[in-house]
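These notes are meant for a colleague who is opening this structure for the first time. They go point by point, and each point can be checked against the model on display.

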Amino acid sequence: MLVNAFNPARVYSVKISIACKKYRSSPMSAKDDFFKKMRENVEEERAAVDAVKDDITVFQREIAFLFENIELWFRDSGVRCERKEIFLTAGNAPHARYQIQELCLTHGNKSLYIVPQGLYYFGGAKGCILVSIGNDRSDKKLFELRMQDSRANFENWAIIDHQKPHHVTPFNEENFFKLIYDFS
């Protein structure tokens with residue numbers, strides 16, 4: 001009886017076993033790469049959705065604060081201030097529909113509309129509000145308020161006058177009342 005007899009089936013089995021060990025020890029298979037990239041994409045998408053939600057929250061909070069200030073400026077003036085809820089969709093994230101307030105100031109037959117336009121606006125602005133004046137005959141766009149406009153050398157809301165669109169002015173009580181003079 002030969003103990004060390006040549007067995008071709010055993011040699012073939014050993015070669016397969018060695019090949020499998022080599023394959024498993026390789027860095028990553030195409031399947032592993034695929035699922036890793038898929039997980040990364042899901043995580044990036046989740047982070048992007050969370051960032052949009054955070055921006056919406058900041059936009060809502062900043063608008064509420066802005067409207068509170070404007071309402072304080074008109075207190076005891078006879079101007080009626082009315083807020084309404086509207087819905088907007090984030091421009092680059094159409095699945096992100098959110099509720100936000102608009103403000104309407106009324107004096108006689110004139111109305112001043114302060115209406116959010118949305119997030120991620122022209123000029124690198126994080127958010128935009130359109131201010132227009134109207135009466136029972138027509139509406140006139142006066143200016144925009146832009147949150148974190150990249151052209152501004154200040155951090156607060158910026159006024160972009162429709163008569164001088166390249167001129168960026170800080171939003172404050174004085175500048176606001178200069179631009180809404182037609183509302184008087």
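Which residues line the largest pocket? The points below begin with that question and then move outward to the rest of the chain; please keep in mind throughout that this is a predicted model.

1. The largest pocket. The lining is made up of V58, E62, F65, L66, N69, W73, M147, Q148, E155, N156, W157 and F171, and the space inside the pocket comes to about 240 Å³. Helix α2, which spans residues 30-73, supplies the largest share of this lining, namely six residues. By character, the lining residues divide into seven nonpolar, three polar and two charged.

2. The overall fold. The protein chain has three helices and seven strands, and, read from the N terminus, its elements follow the order α-α-β-β-β-β-β-β-β-α. Of the 184 residues in the chain, 32% count as buried, a figure to hold in mind when the burial of single residues is discussed below.

3. Q148, a residue of the pocket lining. Q148 is among the residues that line the largest pocket, and it is found in the loop between β5 (139-147) and β6. Its phi is positive, at about 55 degrees, although Q148 is not a glycine. With a relative accessible area of 40%, Q148 is partly exposed, because the range between 20% and 50% is the one given that name.

4. D76, a second residue with a positive phi. D76 also is not a glycine, yet it has a positive phi of about 60 degrees. The residue lies in the loop between α2 and β1 (80-90), and its relative accessibility of 80% means that D76 counts as exposed.

5. Aromatic pairs. The structure holds ten aromatic pairs. One of them joins F171 and F176 in an edge-to-face arrangement, with 5.7 Å from centre to centre and 75 degrees between the planes; both of these residues are buried. Ring pairs also link W73, F74, F143, F171, F176, F177 and F183 into a cluster. Two members of that cluster, W73 and F171, appear in the lining of the largest pocket as well, so a reader who follows the rings from the pocket will arrive at the cluster.

6. A charge over a ring. R97 lies over the face of F87, and the distance from the ring centre is 4.3 Å.

7. Salt bridges. Side chains of opposite charge can pair when their charged atoms come close. How many salt bridges does a search of the whole structure find? The search finds eight, and three of them are described here, beginning with the one in which the side chains of R80 and E82 meet at 3.5 Å, N to O. E82 is partly exposed, with a relative accessible area of 34%.

8. A salt-bridge network. The side chains of R146 and E144 meet in a salt bridge at 2.7 Å, N to O, and both residues are buried. R146 also meets D149 through a salt bridge, here at 3.3 Å, N to O, and D149 is buried, as is R146. Salt bridges with shared partners join E144, R146, D149 and R151 into one network.

9. D161, and its distance from K141. Is D161 buried or exposed? D161 is found in strand β6, residues 158-161, and it counts as buried because its relative accessibility is 11%, where the limit for burial is under 20%. From C-alpha to C-alpha, D161 and K141 are 9.2 Å apart in space, while in sequence they are 20 residues apart.

10. D139, and its distance from S111. D139 is found in strand β5, and with a relative accessible area of 57% it is exposed, since over 50% is what that word requires. D139 and S111 are 28 residues apart in sequence, and the distance between their C-alpha atoms is 9.0 Å.

Technical notes:
Residues are numbered from 1 along each chain as its sequence is written. This is a predicted model: local features need pLDDT of at least 70, side-chain atom pairs count only at pLDDT 80 or more; totals for chains, interfaces and linings use all residues. Side-chain values use heavy atoms; hydrogens and water are left out. A salt bridge is a side-chain nitrogen of Lys or Arg within 4 Å of a carboxyl oxygen of Asp or Glu. Buried means under 20% relative accessible area, exposed over 50%, partly exposed in between (1.4 Å probe, protein chains only). On a 1 Å grid over the protein atoms alone, a cavity is a set of points where a 1.4 Å probe fits but cannot get out, and a pocket is an open set with protein on both sides within 12 Å along at least five of seven lines; lining residues have an atom within 4 Å of a point. Grid points are joined across faces, edges and corners, and a volume is the space filled by probe spheres set on the points. Helices (H or I, at least four residues) and strands (E, at least two) are DSSP runs, numbered from the N terminus. Ala, Val, Leu, Ile, Met, Phe, Trp, Tyr, Cys and Pro count as nonpolar, Asp, Glu, Lys and Arg as charged, and the others, Gly among them, as polar. Rings of Phe, Tyr and Trp (its six-membered ring) pair if their centres lie within 6.5 Å; planes under 30 degrees apart count as stacked, over 60 as edge-to-face and the rest as tilted. A charge sits over a ring if NZ of Lys or CZ of Arg is within 6 Å of the ring centre and within 35 degrees of the ring normal.
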